[in-house]
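Colleague: I would like to go through some of the labels used for this structure and hear the reasoning behind each. Please show the model before we start.

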Amino acid sequence: MRKFSESLARFIKRRPWWLVVVAVVLAAALAPGVTMLESETGFNSLVSPDSKLWQDSQHYQEQFGGEPITVSLMGEMKDIFSSDNLAVLSDFEQRIISDERYRAIIGPITILQTAIVEAEKASQALMEQVSVAQEEAAAAARQAAAAMGLDEVQQEVAAQQAREDVRQMFLPQIEQLLQIGEPSLENQAFIETVIYDAEGDINDAMQSFVPDDKHVLILVTPEGNMDQETAVKAADDIEAFFSDNPLNSISVTVIADARLIDSISVSMTRNMAILLGLSVAAMVLILIIIFRVRLRLLSLLMVGVGALATFGIMGYASVDVTMATMAVLPILIGLGIDYSIQFQNRYQEEIIRSRSVGEAIVTSVSRIFPAVGIALLATIIGFITLYISEVPMIRDFGMVLAVGIVLSYIAGLFLLNGILYLGDRGTPVARLQKAASVASGRIERVLSRVAGLAIRHTLPIFLIALVFAIGGGVVDQWLPVNTNYEELMPQTITELKELRELRQIIGSGGDIRFMVEADDVTSTEVLGWMKDYQEEALALHPELISVSSPASLVAGVAGGVIPDQGQIEQILAGIPKVYLEQVISEGGNIASISFVIEYISLEETNDLIKAIEGGTQPPEGVQVSPVGTLALGASTVDAVVGTRFTMNLICLGAVFAILMLIYRNISRPIFAIIAVGAVIAWSSLDMYLIGIPLNPLTAVLGIIIIGICTEFMVLLMGRYEEERRLGLQPGEAMVTALTKIGRAIVTTAMTTLGGFGVLIASDFV
């Protein structure tokens, strides 16, 4: 390793211009990749497309369409249902029906149109019934008159009287029809009979679309599995329709998941720009105040090159920017700058005792390269461990960080040392030595006292650390969990506020959906099981408000029971297609069971889905699968929290194994792992005391801590071993190590703190 380090150092000394040119060419080649970056804010950043849940949800959308777009109308009922507004709404419904981007529309107009058809049928049936009854009565009257010996004129008089008697019998019904008038959207009397019952309350058929006396809802179901751009355009076009065709005295709000996701993407772009600016400002301030060396901002330039290359590679590799990878930029700047600081700090130390700049470069690189290389390896191992996560954006977060750290290391090793050599080789060594001595003196004196304090009070320090670590281990199991996608995004987004207002209006937190697959989901056996299944769920789980399924449709018509197969077919034939296609696929082999639930936490939703899924066992050949947005969101609870402890253990084990292979004794790795484990426990204690919950990012905090903390341990132990080889006693060696390398570690700790700290300025919780 020593020979390799020296050869590498001499190569840097001999070819500094080559290194600069190569760096510039690579940066120019990778920069266009940054413009190719795309945001991913949908559920496929939280749930793997290879998972059964994701594939089932995609299959469900193919059959029943995507998440509904809700059109909320706010105003007085008399205004909403005025003739002019109903004409606009009827036109809107026709436009939706004729647009292939939408699968279905259902709302008050749908019910009114159905009621018009039914009323016309009922009116015609009544007239036919009256006519038949009159003719039968007339025929009977003639026959009776003839039997009494009356002539034909008298017989006709008797027939006319019979007809009148029948008319009088049906007169109340006829007058009611006449009073209501012709069934149409222009007839307010007819409309009121559809909306309200005899007591003046909203009719049952209308209740799901008229949640209160100020709001009316229309649900538009788009085609399933739309790409984001098409889905946003579909929602925007609905809003554009009402802008071009405004309703009188009514405000219209269009609420769609696609529009919310689009707003998040815009916020992410704005946040990344803000975080980048703040990160650079924080790094400049920290380096100027703490890292008092020549060309002190050179380290920031190196990590900038590393970050540019990292995000360029992301663009070329089609790695999307998510709420997790968005945080890579400031974290990478804070972490990646460490390697350049370490190399530059050691160069400043060596220039004091070297006869030339070239000698200082060769000595510093050859001596620090092994320790920094080991630290890099341990850090990479930590971040790569994130790849075992089931959450795609966490895997991308770990991969991008690992790549960024490697590129920052390469920039620090080759480019920084090459620039240092080019920049200083023309300056007299004596002047460089004087400047380095002045810069190092004050902080080294402080660090020397800190090192002495640590060595003299090792046991108390260890006991204090142990107490806090035990406390952190105890409270770790009490940490709250928050994987609610909505609560992690900017809370000021208009679309998010509209979604929450909609929930308050309808009094529910959404739908838990299950996909039922069978040869024939309309068979008596399947519908009977389905009815028992949903009734048991409603009885056991008070969070469930209502249910919609083929079984509830059939039982609703059949008086609360599932009839024989012949009656089922008759009932289904009489149900309007717009209602039937919401719950039964075209082929009749897939059904939808949709439970409306109260607004509960995602953890509670996750438990509820598991409980319902594990309810009544389906008949042979019937498969039940959770699907939909709530199921996808709830699944992240297990994915994020369930693997957290395992990931930490695997990461610690991998780092321990690497250190064992390198140091070839057990004491150094154990000392490092104990320190790292303590810090992980302290972070849990901090989170508990501050009230920060586990979420997709804080759940991987342990891995990030292992990467950062192991690096500090390795660098410190590496310098300690170097001083021991030079003949110093253990105490002296540790004081010297902490004094000499301490400035770089303190600077790195502050830059890392700055990189993480600027995340506080983000709108993303």
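Colleague: What makes the contact of Glu350 with Arg353 a salt bridge?

Modeller: This is a predicted model, and in it the closest N and O atoms of Glu350 and Arg353 are 3.1 Å apart. The cut-off is 4 Å between a side-chain nitrogen of Lys or Arg and a carboxyl oxygen of Asp or Glu, so the pair with 3.1 Å between its atoms counts as a salt bridge. Side chains of opposite charge can pair when their charged atoms come close.

Colleague: Why is Glu350 called buried?

Modeller: Its relative accessibility is 2%. Buried means under 20%, so Glu350 gets that label. Arg353 has 47%; the range between 20% and 50% is called partly exposed, and Arg353 therefore counts as partly exposed.

Colleague: How do you know that Asp476 and Arg644 form a salt bridge?

Modeller: Their closest N and O atoms are 2.5 Å apart, and the limit is 4 Å, so the pair qualifies. The pair links distant parts of the chain, with Asp476 in helix H17 and Arg644 in helix H26, 168 residues apart. Asp476 is partly exposed at 21%, whereas Arg644 is buried at 12%.

Colleague: Which residues are joined into one network by salt bridges that share partners?

Modeller: The network consists of Arg346, Glu349, Glu350, Arg353, Arg367, Arg719, Glu722 and Glu723. One salt bridge is that of Glu349 with Arg719, whose closest N and O atoms are 2.3 Å apart. Glu349 lies in helix H13 and Arg719 in helix H28, so this pair ties together parts that are 370 residues apart in sequence. Both residues, Glu349 and Arg719, are buried. The structure holds 28 salt bridges.

Colleague: Why do Cys651 and Cys709 not form a disulfide?

Modeller: The sulfur of Cys651 is 11 Å from the closest cysteine sulfur, which belongs to Cys709. A disulfide needs the two sulfur atoms within 2.5 Å, so 11 Å is too far for a bond. A search of the whole structure finds zero disulfides. Cys651 is buried at 0% relative accessible area, and Cys709 is buried at 9%.

Colleague: Why does Arg10 count as partly exposed?

Modeller: Arg10 has 42% relative accessibility, which falls between 20% and 50%, so the label is partly exposed. Arg10 lies in helix H1. With Lys13, Arg14 and Arg15, Arg10 gathers in a patch of positive charge on the surface.

Technical notes
Residues are numbered from 1 along each chain as its sequence is written. This is a predicted model: local features need pLDDT of at least 70, side-chain atom pairs count only at pLDDT 80 or more; totals for chains, interfaces and linings use all residues. Side-chain values use heavy atoms; hydrogens and water are left out. Buried means under 20% relative accessible area, exposed over 50%, partly exposed in between (1.4 Å probe, protein chains only). Patches are made of residues with over 30% relative accessible area and no salt bridge: like charges are joined within 9 Å, nonpolar side chains (Val, Leu, Ile, Met, Phe, Trp, Tyr) within 5 Å. Accessible areas come from the Shrake-Rupley method with a 1.4 Å probe; for residues, only the protein chains shown count as cover. Lys and Arg count as positive and Asp and Glu as negative; His and the chain ends are not counted. The place of a charge is taken as NZ of Lys, CZ of Arg, CG of Asp or CD of Glu. Helices (H or I, at least four residues) and strands (E, at least two) are DSSP runs, numbered from the N terminus.
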